[in-house]
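Subject: Handover of a structure and the findings from it

Dear colleague,

Please find below the structure that I am handing over to you, together with its sequence. I should be grateful if you would look at it before you read the notes beneath.

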Amino acid sequence: MLAMLDGLARIDWSSLGVGDGAAEVPGLLAAMASPDTGERERALRRFYSRVHHQGDVYRCTVAAMPFLAELADDRGNPSRADFVGLLAGICESCVDFADDELRYAPSGDLIDFSELMPVVRGFAKDFERWARDADEAVRCAAIPALAQFPDDPARVADLLRARAPRETGTPTRLLVLSTAGTLALRFPEVVGPVVSWLARLAGDGTRDPVIRLAALAQQARCAPGAAGPELVSAAIGMLAAERLDHPARASTPTTAILGTLHEVLGDRLAERTSLLTEQLRSPDPDARLDAIRMARTLIAGWRGDHSALIIAVAGELAAENAQVAREAAAVLQTCFRIAEPARELVADCVTEAGPDTWSAPDEMRREAHQTAVQVLARLGDVRALPSLLAGLDSDVDAWRAVAVAGSLPQSRAELLPRLIERVDKLDLAGIDPFVDMKSSALITAVGRFADPASAESLVRVLDAAIRRELWSTAASVAEALAELGPAAVAALPLLRTAVAGPDRKARSAALAALWAIGGEVQEVLPLLVGHLAGPSVYFLDVVAEILGQIGADATEAVPYLKKLAGAQDEWNQWSRVEAADALWRIAGEPATQLVLDALLSAWRENQATSNAVTATLERMGAAAAPALPDLEAELAKARRGGRFDRVDTDEDLQETCRRLILRLSRLNQI
């Protein structure tokens, strides 16, 4: 190490950057050579934070590379694997940055990474040597780097092929296989030999099923076009064999392997479902957790009929392992109405557990039950009611019951009085004036019942919120009062106060309630037009919706709406859509071209607007005919879309597109 320290002293580190940790490098490298474990670890952490922060590479980082290699070769240093991993990370960052050629460091230094590649490749032989090191930790740190910057990819492929049978640990053997796959993807000249080797491994029935499965996954990764139906059949057979070989295995090493297979299979839903169903047969709870999480990714990310998979996941609600049951319930919760095929399984599980489980002492089991109850309630199933009442009456995690109470309008007699009682007990003194999630959820739940019985309590809360200037709460109450319509007439004076208040959200919500309850065009329209004429238009969705409901009597708003609908900058897609919807409802067919241009341009620029766009297209009827290609293109997509990329909004989007395509296609045939 003395030679290394002498070398550090010969470099003018202060010339290698300002403010990026250059001056610290010699001290950090010297500390990494320390026999003291704590000192080495602190120096390593500091190096990452100052000299290789979030993968960045500076001139001083590059200057440190030879010294890190020397540290990695010091067999008396217990942290060798850490130094190999650090050097590998720096080299891989240089490879990634080389595509950008020139890159500025935070210090302002300009680094030409394309010129650095010879330096990086100069370490290739070192990594090959470390990949054969006697220390398994050093080998594991070095092996992934072999695929990144080899000077001879074919030699590296041979090294990996020779290394695999010599490794005794399953994680290290899997690392060798995944590195071989990455090498083949990066360097086409070795695809053939690597794929042939992986195919031989996958087909060798004498080997560990996990290794065979990994070889199969990497083979498919390297040549996805050649992954036929037999791929999943083979994988399922290997999973079954793995269960037989390791019936008592405490955890599964197959998570990453199966993730690779699912990535290769992409939109092949039937095959992925078969694979996941097999994964769910594992006696290992960790393996089933993996399968449930992968099922969530599949359902949330890809369109198609997921009924069989949803039913398979629902079967885990009764699992002895509470974490498995909780994860299964969480997946079903993201499914919204497409959880319907699992309704009876969910209901049986909820009913068998009983309402007392809502307050069970085991937190994980309690959450599994509560989430399953929420799933059932969102399906409109009254069998969720006993548990919801238990939650509201016990006040244990009552927020979960509140969140779905409005999904059971048929149970208003039992639910609404309890919700109103909670509204009456709200302590506004403890509410955040800007963000009011808890009481807002409660008030929203009451509003969903749209029952006049709640008017008095809501008006009382609105009065208190305005007096305390709790505008977030006032906005939530105004939205709930709007659901009551004329039954909330007593709230009009308070709403007029909120309309004149300082908070934009509260103003817009109060304005919507004022219209829904009072319905006086002569009062509301000037306020709406004044909002549009202002220097900044906020909460246009509320304003546009009211204008749309007013319809032809709101013609004085048309010039402002045309301006908003016709604006084409990249930040105003939502404004375009909202203004276009109101414009159509007010002006009708004369505004067709402007409305269509606004809607379709916004949709093409921002997929999140799709639900709002298609809702307006449906309102337009035959005038929406030019949008037919966009509608057909949307349905042709395999990936989910819609607002927030959620299952429910995407399912709504697909249904609306199908209705529109059917209607417009028929019109074209007439």
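The notes that follow describe the chain as a whole, then its pockets, its cysteines and two individual residues.

Please bear in mind throughout that this is a predicted model.

The chain as a whole

The protein chain holds 36 helices and two strands. Its C-alpha trace spans about 85 × 65 × 60 Å along the principal axes. Of its 670 residues, 52% count as buried. The accessible surface of the chain comes to about 29300 Å², and carbon and sulfur atoms account for 53% of that surface. Among contacts with a separation of 6 or more, 68% are between residues 24 or more positions apart.

The two largest pockets

The largest pocket encloses about 690 Å³ of space. Its lining is made up of 28 residues, and those nearest the centre are Asp-541, Val-542, Ala-544, Glu-545 and Glu-578. Five helices each give two or more residues to this lining: α26 (471–484), α28 (504–518), α30 (540–550), α32 (573–587) and α34 (610–620). The largest share, seven residues, comes from α28. By character, the lining of the largest pocket divides into 15 nonpolar, three polar and ten charged residues.

The second largest pocket has a volume of about 580 Å³. It is lined by 20 residues, with Val-402, Arg-422, Leu-426, Lys-438 and Leu-442 closest to its centre. The elements that supply two or more lining residues here are α21 (385–394), α22 (398–405), α23 (412–424) and α24 (437–449). Of these, α24 gives the most, with five residues. The lining of the second largest pocket comprises ten nonpolar residues, one polar residue and nine charged residues.

The cysteines

How many disulfides does the structure hold? The number is zero. Cys-222, for instance, is in no disulfide, and the nearest cysteine sulfur to it, that of Cys-140, is 20 Å away. Cys-222 is buried, with a relative accessible area of 10%.

Why does Cys-349 form no bond with Cys-335? The sulfur of Cys-335 is the closest cysteine sulfur to that of Cys-349, but the two are 15 Å apart, which is too far for a bond; a disulfide requires the two sulfur atoms to be within 2.5 Å. Cys-349 is partly exposed, with a relative accessible area of 22%.

Two individual residues

Ser-454 lies in the loop between α24 and α25 (455–467). Is Ser-454 buried or exposed? Its relative accessibility is 1%, and it therefore counts as buried, the cut-off for that class being under 20%. Leaving aside residues up to four places away in sequence, Ser-454 touches Ile-420, Val-446 and Leu-484.

Pro-188 is also found in a loop, the one between α10 (170–186) and α11 (191–203). With a relative accessible area of 63%, Pro-188 is exposed, since that class begins over 50%. Pro-188 and Pro-153 are 35 residues apart in sequence, and their C-alpha atoms are 9.5 Å apart in space.

With kind regards

Notes. Residues numbered from 1 in each chain as written. Predicted model: local features only at pLDDT ≥ 70, side-chain atom pairs only at ≥ 80, totals over all residues. Heavy atoms only, no water. Buried < 20%, exposed > 50% of the residue type's maximum accessible area, 1.4 Å probe, protein only. 1 Å grid on protein atoms, 1.4 Å probe; cavity = no way out; pocket = protein on both sides within 12 Å on 5 of 7 lines; lining within 4 Å. Points joined across faces, edges and corners; volume = space filled by probe spheres on them. Helix = DSSP H or I, 4+ residues; strand = E, 2+ residues; numbered from the N terminus. Nonpolar A, V, L, I, M, F, W, Y, C, P; charged D, E, K, R; others polar. Contact = heavy atoms within 4.5 Å. Areas by Shrake-Rupley, 256 points an atom, 1.4 Å probe, with all protein chains shown as cover.
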